[in-house]
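Here's a quick briefing to read alongside the structure. Have the viewer open and follow the topics one by one.

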Amino acid sequence: MSFVEDDPRERRRVVRAVKESLRDLNIQLALLNRQIGTQVNLKDVDWSCLDLLNRHGPLTPSALARKAGLHPATLTGILDRLQRGGWIVRERDPDGPDRRAITVRARRERNREVYRLFSGMNAQMDALCEDYTDSELALIAGFLQRTTGAGRTATEQLAGD
């Protein structure tokens, strides 16, 4: 979906404003995540890995390392901290072809703590979304999904994938 803009300068200004807003959002969400991580004793990278497990897990450590963009050796320390904190379990499949292989699973019963800490942001987002029509929200959701895809592509290019 694209369109021809009558004033190229105005379009550049608006595009720049969108990019600046996304940078501001990134900073604000990082600050929020850091505050929540502090409350539950999780480092930023630990928090990211736990969120990936909650959203996409259970995963093997190598699959989680790929999704998180981390070296497997780095991930070992993160998983050790998450396990000590009671956030994850490492499970073996005794009937699997490689009995040494493990899967990492988030302990979802711990999510209640995190949901409580995010309740303020969730309430703010619910109130904000009330100001938009369903079609506007669909447009915003589509833009954010495409932005996420652009970020994923840029990350993969930098990583050489």
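Which residue forms a salt bridge with Glu10? The partner is Arg13, and the closest N and O atoms of the two are 2.6 Å apart. Keep in mind that this is a predicted model. In outline, the protein has six helices and two strands, and along the sequence they run α-α-α-α-β-β-α-α. The radius of gyration is 20 Å, well over the 15 Å that the globule rule gives for 161 residues, so the protein is more spread out than a compact globule.

**Overall build**

- Along the principal axes, the C-alpha atoms fill a box of roughly 65 × 40 × 25 Å.
- Of the 161 residues in the protein, 19% are buried.
- The protein exposes about 12,200 Å², and carbon and sulfur atoms supply 52% of that area.
- If you look at contacts between residues at least 6 apart in sequence, 48% of them join residues at least 24 apart.
- For one example of spacing, take Pro72 and Met121: they sit 49 residues apart in sequence and 32 Å apart in space, C-alpha to C-alpha.
- Pro72 itself lies in helix H4 and counts as partly exposed, at 49% relative accessibility.

**The nonpolar core**

- The largest nonpolar core has 23 residues, and the ones with the most contacts inside it are Leu64, Leu82, Trp87 and Ile88.
- Two or more residues of this core come from each of helix H2 (44-56), helix H3 (61-68), helix H4 (72-84), strand S2 (102-106) and H5.
- H2 gives the most to this core, with five residues.
- Trp87 is a good residue to click on: leaving out residues up to four places away in sequence, its contacts include Val40, Leu42, Leu50, Leu82 and Val114.
- Charged residues touch Trp87 too, among them Arg105, Arg107, Arg110 and Glu113.

**The nonpolar patch on the surface**

- Val14, Val18, Met125, Leu128, Tyr132, Ile140, Phe143 and Leu144 form a nonpolar patch on the surface, and together they have about 620 Å² of accessible area.
- Helix H1 (8-39), helix H5 (111-129) and helix H6 (134-159) each supply at least two residues of the patch.
- H6 has the largest share of the patch, with three residues.
- Met125, one of the patch residues, lies in helix H5.
- At 35% relative accessibility, Met125 counts as partly exposed.

**Salt bridges**

- A search of the whole structure finds nine salt bridges, and three of them are described here, starting with Arg13 and Glu10.
- Arg13 and Glu10 are three residues apart in helix H1, so about one helical turn separates them.
- Both ends of that bridge are partly exposed: Arg13 has 42% relative accessibility, and Glu10 has 30%.
- Arg90 forms a salt bridge with Asp80, with the closest N and O atoms 2.9 Å apart.
- This pair links distant parts of the chain, with Arg90 in strand S1 (residues 88-92) and Asp80 in helix H4, ten residues apart.
- Arg90 counts as partly exposed at 26% relative accessibility, and Asp80 is partly exposed as well, with a relative accessible area of 29%.
- Arg107 forms a salt bridge with Glu109, and here the closest N and O atoms are 2.8 Å apart.
- Arg107 is partly exposed at 27% relative accessibility, and Glu109 is partly exposed at 44%.
- Arg107 also turns up in the list of residues that Trp87 touches.

**Backbone details in the loops**

- Where is Pro58 found? Look in the loop between H2 and H3.
- The peptide bond from Gly57 to Pro58 is cis, with omega near -5°.
- The loop between H1 and H2 holds Asn41.
- Phi of Asn41 is near 60°, which is a positive value in a residue other than glycine.
- Is Asn41 buried or exposed? At 70% relative accessibility, Asn41 counts as exposed.

Key:
Residues numbered from 1 in each chain as written. Predicted model: local features only at pLDDT ≥ 70, side-chain atom pairs only at ≥ 80, totals over all residues. Heavy atoms only, no water. Patch = residues over 30% accessible without salt bridge, like charges linked within 9 Å, V, L, I, M, F, W, Y side chains within 5 Å. Areas by Shrake-Rupley, 256 points an atom, 1.4 Å probe, with all protein chains shown as cover. Salt bridge = Lys/Arg side-chain N within 4 Å of Asp/Glu carboxyl O. Helix = DSSP H or I, 4+ residues; strand = E, 2+ residues; numbered from the N terminus. Buried < 20%, exposed > 50% of the residue type's maximum accessible area, 1.4 Å probe, protein only. Core = buried A, V, L, I, M, F, W, Y, C linked by side-chain atoms within 4.5 Å. Contact = heavy atoms within 4.5 Å. Rg over C-alpha atoms; globule rule 2.2 N^0.38 Å.
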